[in-house]
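Subject: Structure for you to look at

Hi,

Here is the structure I promised to pass on. Have a look when you get a moment, and then read on for what turned up in it.

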Amino acid sequence: MRLTELLANIETEAFMPVCRQTELFLLSVLLGGCLGVLWDVFRAVRAIFPVMGKSVPTAVCDALYLVLCGIAIYFFSLLAGDGMVRGYYWAGAFIGALIYILTAGTVVIGIIRAVFGTIYKIIGGIFRKIFSPVIDWAQKNWHKKKLQICDKRQKIPREHKNNKKDLKKPA
């Protein structure tokens, strides 16, 4: 095969009409919107489990989200883009996710936080009513035990404290 024929084949395979590129860009914006919804799912998981602290669920959710984004854009490139990875797929997905998060995402996460905040208040009130007498009793008894231990320590005669002959090793 000659060099000119090889170059002609490469140019025809790499050439994509502008209308197809625009279509793929808009599809990648739609993909980004879906990835924004996925981001809200992970934010909801973090809102549901605040008990675990902030660092562990955040790290796990962020890592899983990035892996899923990479997989989604890879399959988008493979299926819709005929296996060609283009930079505007990433840009479109980013723009779509950003649009979703700044518009509908703020409303969705506000609703999720309000719902789970109400649920936590209700459950917390029930647990406080059930367990507050037990906790109060335990705190009072612990305080009494602590005072008894301190009283016994203070009753040790002064001559027995730090007695040097008691500290010597036996022969």
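How many helices and how many strands are there in the protein? The count comes to six helices and zero strands, and read from the N terminus the order of elements is α-α-α-α-α-α. Please keep in mind that this is a predicted model.

**The overall picture**

Of the 171 residues in the protein, 19% count as buried. The exposed surface comes to about 13,400 Å², with carbon and sulfur atoms supplying 71% of it. Among contacts with a separation of 6 or more, 72% are between residues 24 or more positions apart.

**The core**

The largest nonpolar core has 14 residues, and the members that touch the most others are Leu 24, Leu 31, Leu 35, Tyr 65 and Phe 76. Three helices each give at least two residues to this core: H2 (18–48), H3 (55–79) and H4 (87–102). In soluble globular proteins, nonpolar side chains tend to be buried together.

Phe 76 is a good place to start if you want to click through the contacts. Leaving out residues up to four places away in sequence, Phe 76 touches Leu 24, Leu 27, Ser 28, Leu 31, Gly 81 and Tyr 89. Tyr 89 counts as buried, because its relative accessibility is 0%.

**Aromatic rings**

The structure has five aromatic pairs. One of them joins Tyr 74 and Phe 75: the ring centres are 5.4 Å apart and the planes stand at 70°, so this pair is edge-to-face. Tyr 88 and Tyr 89 form an edge-to-face pair as well, with 5.1 Å from centre to centre and 75° between the planes.

Are Tyr 74 and Phe 75 buried or exposed? The answer lies in between: Tyr 74 has a relative accessibility of 48%, so it counts as partly exposed, and Phe 75, at 42%, is partly exposed too.

There is also an aromatic cluster, made of Trp 39, Phe 42 and Tyr 65. Phe 42 gives a handy measure of how the chain folds back in space: Leu 64 is 22 residues from Phe 42 in sequence, while their C-alpha atoms are 9.1 Å apart. Leu 64 belongs to helix H3 and is partly exposed, with a relative accessible area of 41%.

**Salt bridges**

Which side chains meet in salt bridges? A search of the whole structure finds two. In one, the side chains of Arg 20 and Glu 23 come together at 3.4 Å, N to O. These residues are about one helical turn apart, because they sit three residues from each other in helix H2. Both ends are partly exposed: Arg 20 has a relative accessible area of 25%, and Glu 23 is at 41%.

The other bridge links the side chains of Asp 40 and Arg 43, at 2.8 Å, N to O. Here too the spacing is three residues within helix H2, so about one helical turn lies between Asp 40 and Arg 43. What sets the scene here is burial: Asp 40 is buried, with a relative accessible area of 3%, and Arg 43 is buried at 17%, since the cut-off for buried is under 20%.

Asp 40 has neighbours from further along the chain as well. Not counting residues up to four places away in sequence, Asp 40 touches Tyr 100, Gly 105, Val 108 and Ile 109.

**A nonpolar patch on the surface**

Finally, please look at helix H5, which spans residues 104–154 and includes Ile 126. Ile 126 is one member of a nonpolar surface patch. The full list is Val 107, Ile 111, Val 115, Ile 119, Ile 122, Ile 123, Ile 126, Phe 127, Ile 130, Phe 131, Val 134 and Ile 135, and together these residues have about 1,100 Å² of accessible area. Why does Ile 126 count as partly exposed? Its relative accessibility is 48%, and partly exposed covers what falls between under 20% and over 50%.

Happy to go through any of this with you on screen.

Best wishes

Definitions and conventions: Residues numbered from 1 in each chain as written. Predicted model: local features only at pLDDT ≥ 70, side-chain atom pairs only at ≥ 80, totals over all residues. Heavy atoms only, no water. Patch = residues over 30% accessible without salt bridge, like charges linked within 9 Å, V, L, I, M, F, W, Y side chains within 5 Å. Areas by Shrake-Rupley, 256 points an atom, 1.4 Å probe, with all protein chains shown as cover. Salt bridge = Lys/Arg side-chain N within 4 Å of Asp/Glu carboxyl O. Helix = DSSP H or I, 4+ residues; strand = E, 2+ residues; numbered from the N terminus. Buried < 20%, exposed > 50% of the residue type's maximum accessible area, 1.4 Å probe, protein only. Core = buried A, V, L, I, M, F, W, Y, C linked by side-chain atoms within 4.5 Å. Contact = heavy atoms within 4.5 Å. Phe/Tyr/Trp six-rings, centres within 6.5 Å; stacked < 30°, edge-to-face > 60°.
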